[in-house]
Amino acid sequence: MDREVPVLVVGGSLVGLSTAVFLADNGIKPVVVERHPGPAIHPRAALFFQRTVELWRSVGLEDEILEASALEFEQNGAVMSVESLAGKEVEWFFRTVNEGVEDLSPSPRLFVTQIGLEPILRRQAEELGADVRYSWETVAVEQDGDGVTATVKHRDSGEEETIRAPYLVAADGAHSPIRDRLGIPLHGHGTFSNSITIYFRANVKPLIGDRNLSVIYVFAPRLQGFFRFSLAGDAGFLVVNKAIGPDGELSADLWGDTGDAKCVEFVREALGDPEIEVDVENVQRWNASAEWAERFLDGRIFLAGDSGHVMPPTGGYGGNVGVQDAHNLAWKLAYVLRGDAGPELLDSYEPERLPIAEEIVEQAYARYVLRLAPELGKEGLHAMADDAAIDLGYRYRSSAVVSTNGDDGLFADPREPSAEPGVRAPHVPLKSGSTIDLVGRRFVLLTGNPEWQRAADEAGIEAHVIEAPGFAEVYGPGAVLVRPDGHVGWRSDGEPEDLGAVLDRLLAR
Ligand SMILES: Cc1cc2nc3c(=O)[nH]c(=O)nc-3n(C[C@H](O)[C@H](O)[C@H](O)COP(=O)(O)OP(=O)(O)OC[C@H]3O[C@@H](n4cnc5c(N)ncnc54)[C@H](O)[C@@H]3O)c2cc1C
């Protein structure tokens, strides 16, 4: 055995690096193996919702990521649709991306590309002791009762090593080789477009005018997709999901001709300017799919991110759900590896994350069909949920939540916040900061009643007695025990009781 590590993370893109940051922040120093030679070179994900930004805030990265965002994007831009950039506006989905959600969280929604984000995640993970190894590919994985053994190979030198770990996180993307090897099937709507992303340079500033636009869906007569532009308005990318094919019909298979001439034609069509000078820099092919894995867990191997769920970019959820998978898993792995929780705690990962991921795939699919591809049919389409509820309202049900109400649906309304078991402990503004800033590393008791302090002291739990206006309406008259991931694990509206027993139950001790 060349090396033994506490956790091996396969895949070092958005979700693998996030897993490493959250693990390392919990004192667990993983090895991350990534076959690419460095962080992302394509922008891909850019819209990050409030919950994801809260998670970055909890590990001290929010300000730095906001700065990176400001280098790339006008803040708080619109999400809208046009017939072409120069032509008619069709619909404004959000006038500003934070419209109506400013009071729900101390953190804003923001845009930052994976190019801007991944180096920050990498640096933080490494500073906290993670070992991020680029140009290494995992070529074999085996597991037994005690752990996982992976063979990794350097892509240039061919050098091989074996790495042994009690647990492995497969953050190896939509085509996850590990998921395939485990024979975990996918369910959902399959692949419905062979899409392309065209990265180009062009002076689009005059066409944007004084509009602050973050994502622009395009419904041109001969093409459908979406744009994002650089801050300077001199470059951008166009995703093409559908275009008129050689037979004169709209086709969702764009992989036939991706030559420069064709791509320039697409960009000009979507910009609505047949003369504009366009320089194509790169073309990426990818599948628009909506699928989730049947299981997120196989023995000691966990699927996180696109390996567990793929969805079309409509909505901008894919990366967010992946970061949240990583966060859910990291504290559990840390507690189990430190011996602070029974290994059964890890069994709560799948029942907590899989139903949420499945529903968010359905939400992204519904947006894809309704905004871009009505021909796929509305039958069985899930009713569109509110974005704020998808982002901040998801409820967990598992052995790691003590809950009495079982069938409230997957999403609570964050505009009517209640610190009920399973939801993210809601934001209540404090004199400085937010309740969100009190939680997110260990178990914490939040209460308005000082009598609970002694119960918390006896159980060795950090407690905060809060007098802020509005707190009692949201958190109730008793106490709320918040898990290290900021979700409510248990709540009592009654008199102080034995919190040690509650903790033992939540941690499967
Ligand atoms: C055009 C576009 C726009 C998008 N916009 C948004 C958005 O606005 N918001 C949002 O939240 N999401 C968005 N998404 C989705 C988002 O990009 C993905 O959900 C996210 O990147 C998934 O991250 P991941 O780390 O799970 O997978 P990936 O980014 O696919 O990373 C997997 C990594 O694993 C590595 N790997 C695979 N196998 C091995 C192996 N055997 N050994 C070593 N390494 C391996 C790969 O090299 C890769 O780097 C968008 C996607 C696209 C295509």
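**Exercise 1. Placing helix H8**

Determine which strands H8 lies across, and at what angle H8 runs to S12.

*Solution.* In this predicted model, H8 lies across S2, strand S12 (167-170) and strand S20 (301-303). Relative to S12, the direction of H8 is at about 170 degrees. To place these strands, turn to their sheet: six strands form an open sheet with mixed pairing, in the order S8-S3-S2-S12-S20-S19. Its edges are strand S8 (131-134) and strand S19 (297-298), each of which pairs on one side only.

**Exercise 2. The pairing of S2 and S3**

State how many bridges join S2 to S3, and whether the two run parallel or antiparallel.

*Solution.* Begin with the general principle: strands of a sheet pair through backbone hydrogen bonds, in either a parallel or an antiparallel manner. For strand S2 (residues 7-10) and S3, three bridges are found, and the two strands run parallel. At the level of residues, Val9 stands opposite Val32 in S3.

**Exercise 3. The four-strand sheet**

Establish the strand order of the open sheet of four strands, and explain why one side of S1 and of S9 is left without a neighbour.

*Solution.*
1. The order is S1-S11-S10-S9, and the pairing is mixed.
2. Strand S1 (3-4) and S9 are at the edges and have a single partner strand each, so one side of each has no neighbour in the sheet.
3. S1 pairs with strand S11 (residues 160-165) in the parallel sense, over two bridges. Here Glu4 is located opposite Arg164 in S11.
4. S9 is joined to strand S10 (residues 148-154) by seven bridges, and these two run antiparallel. They form a hairpin with four residues between them.
5. Thr138 has Val152 in S10 as its bridge partner.

**Exercise 4. The ligand and its shell**

Identify the polar contacts that Ser13, Thr138 and Asn320 offer the ligand, then describe the surrounding shell.

*Solution.* Take the contacts residue by residue.
- Ser13 places a polar side-chain atom 2.9 Å from an oxygen atom of the ligand.
- Thr138 contributes a backbone N or O atom, 2.9 Å from a nitrogen atom of the ligand.
- Asn320 has an N or O atom in its side chain 3.0 Å from an oxygen atom of the ligand.

Next, consider the cover: the ligand taken alone exposes 1000 Å², of which the protein buries 92%. The elements giving two or more residues to the shell are helix H1 (14-25), strand S3 (31-34), strand S9 (136-143) and helix H8 (318-337).

Finally, count the shell. The ligand is surrounded by 31 residues, the closest being Glu34, Arg44, Thr138, Asp306 and Gly319. By class, the shell divides into 14 nonpolar, eleven polar and six charged residues.

Conventions. Residues are numbered from 1 along each chain as its sequence is written. This is a predicted model: local features need pLDDT of at least 70, side-chain atom pairs count only at pLDDT 80 or more; totals for chains, interfaces and linings use all residues. Side-chain values use heavy atoms; hydrogens and water are left out. A residue is near a molecule or strand if one of its heavy atoms lies within 4 Å of it. A polar contact is a pair of N or O atoms within 3.5 Å; within protein, one must be able to donate a hydrogen and the other to accept it, and residues adjacent in sequence count only if both atoms are side-chain atoms. Accessible areas come from the Shrake-Rupley method with a 1.4 Å probe; for residues, only the protein chains shown count as cover. Ala, Val, Leu, Ile, Met, Phe, Trp, Tyr, Cys and Pro count as nonpolar, Asp, Glu, Lys and Arg as charged, and the others, Gly among them, as polar. Two strands pair if DSSP finds at least two bridges between them. Contact means heavy atoms within 4.5 Å. Axes are lines fitted to C-alpha atoms, for helices over the stretch in contact, and angles run from 0 to 180 degrees between N-to-C directions.
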